[in-house]
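User: Hi! I am new to protein structures and would like to learn why certain labels are used. Could you walk me through a few?

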Amino acid sequence: MHASAEADVYSLGILMLQLIMKVEEVTFTGAKKREKDLIMCAKEKQRIKGHVVHKNLLKDGCTEEKATKITDLGLWCDQTSPRGRPILDEVLTCLNQISCK
């Protein structure tokens, strides 16, 4: 992946999923496969639970509604096609809306 705004949004989505799922870092060795595995795991957990937020974060005050929204945002950022990803302003707007409610 080359440097671009779309690549930055993708990376932000990977970081969001790692943080909310409490997953260890994705290293450069085998990064593409690990990213795809992370996204596939997140999609499966979302299908089953509606979100991928780690249970400890839910105990600390993250509501189910916010968990679902942050999961959706992380997966939106990680669309395979760059055209399917939000622009950074949209990501920031969504994050602000999630944190203010």
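Analyst: Happy to help! Let's start with a cut-off: a residue is called exposed when its relative accessible area is over 50%, buried when it is under 20%, and partly exposed in between. Please keep in mind that this is a predicted model.

User: Thanks! Why is Glu65 called exposed?

Analyst: Glu65 has a relative accessibility of 51%. The cut-off for exposed is over 50%, so Glu65 counts as exposed.

User: What makes Glu65 and Lys69 a salt bridge?

Analyst: Their closest N and O atoms are 3.2 Å apart. A salt bridge needs a Lys or Arg side-chain nitrogen within 4 Å of a carboxyl oxygen of Asp or Glu, so this pair qualifies. Both residues sit in helix α4 (residues 64-77), 4 residues apart, which means about one helical turn separates them.

User: Where does Lys69 fall, then: buried, exposed or partly exposed?

Analyst: Lys69 is partly exposed, because its relative accessible area of 29% lies between the 20% and 50% limits.

User: How do you know that Arg47 and Glu44 form a salt bridge?

Analyst: Their N to O distance is 2.7 Å, and the limit is within 4 Å, so the pair counts as a salt bridge. Arg47 is exposed at 61%, whereas Glu44 is partly exposed at 35%.

User: Why is Cys77 in no disulfide?

Analyst: The rule asks for two cysteine sulfur atoms within 2.5 Å. For Cys77, the nearest cysteine sulfur, that of Cys94, is 8.1 Å away, so the rule is not met. Cys77 is also called buried, because its relative accessibility is 0% and the cut-off is under 20%.

Terms used: Residues numbered from 1 in each chain as written. Predicted model: local features only at pLDDT ≥ 70, side-chain atom pairs only at ≥ 80, totals over all residues. Heavy atoms only, no water. Buried < 20%, exposed > 50% of the residue type's maximum accessible area, 1.4 Å probe, protein only. Helix = DSSP H or I, 4+ residues; strand = E, 2+ residues; numbered from the N terminus.
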